[in-house]
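This report looks at how aromatic rings and helices meet in one protein chain. The sequence and structure come first, followed by the details.

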Amino acid sequence: MEEPVSVIGEVAAPAAPARQRPGVAFVREFAPRTAIIWIWVIMIVIYSLAEPGLFFRGPTFQTIFDSQQTLVFLTLGLLCTMIIGEYVDLSICSVLGLTATMIPVLVVNEGWNVAAASVVSVAAAAAAGAFNGVLVVYFGVNVIVVTLGSGTLILGLTLWISHLGEVVGLSSSFASIDLKDVLGLPVSFYYGVALVLIFTYILGCTPLGRRMRFVGANPEVARLSGIRVNRIRFGAFVMGGLLCGLGGMLTSAGIGGFDPNSSATYLLPTFATVMLGTAVIQPGRFNPIGTFVAIYFLATGILGLELLGVAGWVSDVFYGATLVVAVTVATLLHRRLI
């Protein structure tokens, strides 16, 4: 006869984790990261079916991809400060407008060499970023107050040097740095791609990128860990100004000049795009690739509606509504599937 087996004191073994099927694991991993991309594809299909002879053509996609270079540089400039926790830089568009206006003013009105004018104008943008950085980082002034004030100041100075109007007359040879055709797209598109890849590499694969993320997450803990927080914060403002300056240089080259009154129109698209980019690739985190995708996602939606005959006000509606809907969808997917 077998001895009874006592169960007193036995501890139940932990249940083995349920093994997920490969397909389910794939969905859980990639659905939140690519939700906007799939919405983008669906949007293209809908527009193509609605206007098959108008939307789904090569010239339409060329228009989408060759018209957003200014926004690429602005959003990456804004990312520099957002990643380190300074979320509201309201001066970026004025900084871009400063460079884009200074170059034709110096070249056309003052007779400068275009290369020298470009260097000085981009340096002025970096100096504007440094000015913001000093006040925010070393004097502790609120970033909203500083950048709102400096942006208004810079816009006023820009209007002064341009005599309140558009300045044009840059040469076609200078325009080639922005408009030269490479595989059907302007060379400035590839500048943006290269810049996004470099930025992504820095954030993901270098000590500087990891420190920027750390500072953005918790500057006090980062400081206690030995990171030079103020140096990184200040450098982010300078780099943001520099990228806006480079964007301004390309913008003035492509147009042949610039109207400083138009710089403020970029502010809403820039912030909407950067925030929408947090729903792509790395949900909940500012990232260059997600921002790059968001730029052309929004451009596709707006151009498609305009081709369908919707009035020009649709851009403001689309920037606002798409931002809310797309981020909400990605957030819900992230909470449910991850």
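## An aromatic cluster

One aromatic cluster is made up of Phe 65, Phe 189, Tyr 190, Phe 292 and Tyr 296. The model is predicted. Across the whole structure, a search finds 11 aromatic pairs.

## A pair between distant parts of the chain

Tyr 87 and Phe 286 form one of these pairs, which is tilted, with 5.9 Å from centre to centre and 40 degrees between the planes. The two residues are 199 residues apart in the chain. Tyr 87 sits in the loop between helix 3 (69–83) and helix 4 (92–109), while Phe 286 sits in the loop between helix 12 (267–277) and helix 13 (288–307).

Is each ring buried or exposed? Tyr 87 has 42% relative accessibility, so it counts as partly exposed. Phe 286 has 15% and therefore counts as buried.

## A pair within one helix

The ring centres of Phe 292 and Tyr 296 are 5.1 Å apart and their planes lie at 70 degrees, so this pair is edge-to-face. Both residues belong to helix 13, four residues apart, which is about one turn of the helix. Both are buried.

## Two crossing helices

Two packed helices are described by the angle between their axes and the distance between the axes. The axes of helix 9 (residues 207–217) and helix 11 (residues 229–255) cross at roughly 100 degrees and come within 10 Å. Helix 9 is therefore roughly perpendicular to helix 11.

In this contact, Arg 211, Met 212 and Val 215 of helix 9 meet Val 229, Ile 232 and Arg 233 of helix 11. Four of the contact residues are nonpolar, two are charged and none is polar.

Key: Residues numbered from 1 in each chain as written. Predicted model: local features only at pLDDT ≥ 70, side-chain atom pairs only at ≥ 80, totals over all residues. Heavy atoms only, no water. Axes fitted to C-alpha atoms, helices over the stretch in contact; angles between N-to-C directions. Parallel < 35°, antiparallel > 145°, perpendicular 65-115°, else oblique. Contact = heavy atoms within 4.5 Å. Nonpolar A, V, L, I, M, F, W, Y, C, P; charged D, E, K, R; others polar. Phe/Tyr/Trp six-rings, centres within 6.5 Å; stacked < 30°, edge-to-face > 60°. Buried < 20%, exposed > 50% of the residue type's maximum accessible area, 1.4 Å probe, protein only.
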